[in-house]
There are 4 protein chains.
Amino acid sequence: MHRRLVSSNLRIQVSATAQLVFSVAVSAEHEPAQERLSLTVDGDPIDVEELLAPNGGRLHRAVNVPVGQLIVDYAATIDGQAPPAPLQGIDEVLYTRPSRYCDSDRLAALSGAHFDGLEGSALVSAVRAWVHDKIAYRSGSSRGVDGALDTYIARAGVCRDFSHLAIAFLRARNVAARFVSVYAPGLKPMDFHAVTEVWLDGAWQLFDATGLAPRQAMVRICTGRDAADTAFMTTLGGRTQLESVRVEAQIDGDLPSDDGLGLSLLS
Amino acid sequence: MHRRLVSSNLRIQVSATAQLVFSVAVSAEHEPAQERLSLTVDGDPIDVEELLAPNGGRLHRAVNVPVGQLIVDYAATIDGQAPPAPLQGIDEVLYTRPSRYCDSDRLAALSGAHFDGLEGSALVSAVRAWVHDKIAYRSGSSRGVDGALDTYIARAGVCRDFSHLAIAFLRARNVAARFVSVYAPGLKPMDFHAVTEVWLDGAWQLFDATGLAPRQAMVRICTGRDAADTAFMTTLGGRTQLESVRVEAQIDGDLPSDDGLGLSLLS
Amino acid sequence: MHRRLVSSNLRIQVSATAQLVFSVAVSAEHEPAQERLSLTVDGDPIDVEELLAPNGGRLHRAVNVPVGQLIVDYAATIDGQAPPAPLQGIDEVLYTRPSRYCDSDRLAALSGAHFDGLEGSALVSAVRAWVHDKIAYRSGSSRGVDGALDTYIARAGVCRDFSHLAIAFLRARNVAARFVSVYAPGLKPMDFHAVTEVWLDGAWQLFDATGLAPRQAMVRICTGRDAADTAFMTTLGGRTQLESVRVEAQIDGDLPSDDGLGLSLLS
Amino acid sequence: MHRRLVSSNLRIQVSATAQLVFSVAVSAEHEPAQERLSLTVDGDPIDVEELLAPNGGRLHRAVNVPVGQLIVDYAATIDGQAPPAPLQGIDEVLYTRPSRYCDSDRLAALSGAHFDGLEGSALVSAVRAWVHDKIAYRSGSSRGVDGALDTYIARAGVCRDFSHLAIAFLRARNVAARFVSVYAPGLKPMDFHAVTEVWLDGAWQLFDATGLAPRQAMVRICTGRDAADTAFMTTLGGRTQLESVRVEAQIDGDLPSDDGLGLSLLS
């Protein structure tokens, strides 16, 4: 895999002393050739603490962020691909549970109606195709509180909604599935992206129900149950306003070809 | 703390080969003086695998459980108390996130309306008192798919609902809180019980919004985001029917006194 | 049409002076050969007022019902059939609106996904078939607060749920549809029944998405937007407990044959 | 009461032959000194039919509206006040029922928790004050599918949400209440407005939980169960886009004084 350059820049107005957590750095299994993270308020650097989340996510927390304009600036250069995500027995149980935005328990009857009798890769392919075909990608069509059932009802959403619904369908069939935030070279318009991993044939396999970017070039940021575990910014106190988000993800050379339909390992 | 004897017995009719996961054993930080777990189908033992969940929960998984009557029988004898749950920096972030049954994002405005301006122990006391006073304990009043917002609306629930609502209120104020399933000597009628832990003053502190049993005598089973992480039985395939549940939890000597209102460490 | 004998008997425990409204009498367009209604509390008759609802429903209201056992006893003998329900221009607008249990606005995308491109009788047939085929009739599977979207999600319900979902699908396609409570000879087990009317080809045409009883023998009780308009008993103050409901509906001679699939006028 | 001049102007892009219903004309009990309604598509008049809704609303329906720019232009001059809305016994039953956006059945426990023990004018005053004090008026904060429970949870809304919540609270206490759309001189910014009528002391009495305009000057447009019955524009087929809405409502002389807290008859 060719070298990828990924970066993100957040501008946040802090109007009351705040605590913030960011998930913009690449996941711990990547070994960036170069990496840079800076947080400044009105130009002055502030302290930041790195916390390792389950599954390798690297969170960056800043407490007592003073009033002013906070800029989070991150960039990394990634060569090659990370090794496959390690398998842990407990994951097969954890990731079949319903979560905030993957309310598989409420989707049980619907998932059964659509996918009854399917198993293994046939099930995963059917789920991926259903979400891809039936859900319209529509910017701004969903709200932060919307979960998989809401997406099912609206038949529209953005990348996080596609992944939530696919995950919920799978968990409702007792298949472990999880949510992955990524940098995605080739995505248009460029933004943070969200895809799905499913435990299939003894490995975490990745698919993108939106089909909007080639999987081989993606760079993992964070892995979790759903978007609650991978939000690029979380405000835990204080008052903040996100003013702008700029994301870039480029690959040296041509984008790999990905028909977006088959299953393959992320790395 | 005096010796406690805890046990549970589940009878399950399996009508199609099933995979099941149980969370009935005491948490890993306990060191039982005696412990026994058996799973039998129509009297014959079946294989069971122990999986360690995050936060010390010990799950027992049985795959390919044949058709018949499955009996899960567990008993343990606990002397003294476990050491305090270890603190991990990441927990302060993880346990402020909304989860399936603690939908703190949807309760944000309501939690703000009730608890605006409160912090620390004053906030925790107010949350505990609100849930205790405003929610009626009513057996059978809630469904498995109900979360904290549903409990708020219904103003009634059982122990899991009390804990879910308290947790959601706290997370909505950016305070880390989590769900604990326990054996609870003194509970009437006896059953599995659910309580709440909140990160306060540098420690996980436990409270029981139902006030139905003394905290000092409780024995921890599993700790997680909400009831999705601690269900005593989960069916992951096949067809099962839970026929009976019998729980016992006794303490040598008198029950400790707990006014149910103050905060204290579980152990 | 042969003579039909319909009756109902409600036993209600009144534990605080109550106001109650009943919808058990046949609709005003019927002209019963015989009819009897009595309300007694502990054997003594109480006053009852008849109110005419929109669309011909005859409601019976009792105020200041004293503490005791209230028995509502109704019977009527119906010969022939009522004339077709009169058409009113405004109905075509009123009955396309969303109502409490026919939340057609929330089902808009789903109704579009299932029935896009269909109109007139083809649409009605498709809606009826979808509800009949995809929703499982399951006693006790729904709650009084459940509406059409809940039924869609659960894929199960009772007769009111079948009708609510059919109505909501139709309204979401801008077709006027309404809810009818009926006595239904042939229904097993016997109970109050609920069916659907749709404005098609210049007339209110009736269908029964459950297909559980022949339409020709049905006797109309009340017509409205949904079950909120046709509940057989409503408590408006006081405290009551419904202890038993007994419904009977018989026809002289054989039950008419109704394949339950085609459309036909109720009368 | 001084003369009031009310008018509205809607511009709608019709991109596929449409059927539309408008509720912009003053209610039938008003006797305008002058009144004018015109519907044109690209400047050419189109046919319009007047339908009388329950409770005096005058709906205007246009079928087969061709592609182009549809302009609905309405103006009326009102002297004096309409006689009080006539009372009908059935209304006391009809308007205690839950409706699409006044889901009083789901708010039963909450209404009981807030208003238990109150009756009559004390109840109405308490409901009005609660909604006025606890709900923040915030433009754009709600969606068209939101009902009273959603407003309760969000603690924010616009005029229709205030009225829906007040109505739902009252119905949950078995008090008849309904929704009224009005022209409201003095409202800022000027728009269609929504208020509440409650059956109290033998009359429909009006209150405005927003307190944004004096009630004496209001001119009634339409009365119904909730916003589903009074929408100023409904599209029943075809494809339309509302491009602009301009509402005006003026009174000769000074605005009457209304503290917005007491109860008074609309007229």
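This dialogue introduces the interfaces of a predicted model with a chain A and a chain B.

Visitor: How should I read the relation of chain B to chain A, and what turn lays chain B on chain A?

Guide: In general, two copies of a chain are related by a rotation about an axis and a shift along it. Here, a turn of 180 degrees with a shift of 0.0 Å along the axis lays chain B on chain A, and the RMSD is 0.0 Å. That is the relation of a two-fold axis.

Visitor: Which C-alpha of chain B is nearest the axis?

Guide: The C-alpha of Arg100(B) is nearest, at 1.9 Å from the axis. The same surface serves both copies, since 100% of the contact residues of chain B recur in chain A.

Visitor: How is the size of an interface expressed, and what area is buried between chain B and chain A?

Guide: The size of an interface is often given as the accessible area lost when the parts come together. Between chain B and chain A the buried area is about 2500 Å², and carbon and sulfur atoms give 55% of this area. In terms of contacts, 30 residues of chain B meet 30 residues of chain A.

Visitor: Which residues of chain B lose the most area to chain A?

Guide: They are Arg97(B), Arg100(B) and Leu236(B), which together account for 21% of what that side buries. Arg100(B) thus appears twice in this account: its C-alpha is the one in chain B nearest the axis, and the residue is among those that lose the most area.

Visitor: How many salt bridges and polar contacts lie between the chains?

Guide: The count is eight salt bridges, and 12 residue pairs are in polar contact. One salt bridge joins the side chains of Asp229(A) and Arg225(B), with 3.0 Å from N to O.

Visitor: Which elements of chain B supply the side that touches chain A?

Guide: Strand E5 (49–52), strand E6 (58–65) and helix H1 (89–94) of chain B each supply at least two residues. The largest share comes from H1(B), with five residues. By class, that side of chain B holds 14 nonpolar, seven polar and nine charged residues.

Visitor: Let us turn to a single chain. What domains does chain A contain?

Guide: Chain A is divided into domain 1, formed by 4–81 + 231–251, and domain 2, formed by 89–229. Taken over C-alpha atoms, the centres of these domains of chain A are separated by 25 Å.

Visitor: How may the interface of the two domains of chain A be described, and what area is buried there?

Guide: The same way of reading applies. About 1700 Å² is buried between domain 1 and domain 2 of chain A, with carbon and sulfur atoms giving 60%. Of the area that domain 1 buries against domain 2 in chain A, 33% is supplied by Asn55(A), Val247(A) and Ala249(A), more than by any other three residues. In contact are 26 residues of domain 1 and 21 residues of domain 2 of chain A.

Visitor: How many salt bridges cross the interface of these domains of chain A?

Guide: The rule finds one salt bridge across this interface. In chain A, Arg220(A) forms a salt bridge with Glu29(A), with the closest N and O atoms 2.9 Å apart. Across the domain interface, 12 residue pairs are in polar contact.

Visitor: Which strands build the side of domain 1 that touches domain 2 in chain A?

Guide: Strand E1 (4–16), strand E7 (68–78) and strand E15 (239–251) of chain A each supply at least two residues. E15(A) gives the most, with six residues. The residues of that side of domain 1 divide into 14 nonpolar, nine polar and three charged.

Conventions. Residues are numbered from 1 along each chain as its sequence is written. Chains are lettered from A and ligands numbered from 1 in the order in which they are written. This is a predicted model: local features need pLDDT of at least 70, side-chain atom pairs count only at pLDDT 80 or more; totals for chains, interfaces and linings use all residues. Side-chain values use heavy atoms; hydrogens and water are left out. Copies are superposed by least squares on the C-alpha atoms of residues with pLDDT of at least 70 in both. Contact means heavy atoms within 4.5 Å. Domain bounds come from an automatic or database domain assignment. Buried area is the accessible area (1.4 Å probe) that two parts lose on being put together, summed over both. A salt bridge is a side-chain nitrogen of Lys or Arg within 4 Å of a carboxyl oxygen of Asp or Glu. A polar contact is a pair of N or O atoms within 3.5 Å; within protein, one must be able to donate a hydrogen and the other to accept it, and residues adjacent in sequence count only if both atoms are side-chain atoms. Helices (H or I, at least four residues) and strands (E, at least two) are DSSP runs, numbered from the N terminus. Ala, Val, Leu, Ile, Met, Phe, Trp, Tyr, Cys and Pro count as nonpolar, Asp, Glu, Lys and Arg as charged, and the others, Gly among them, as polar.
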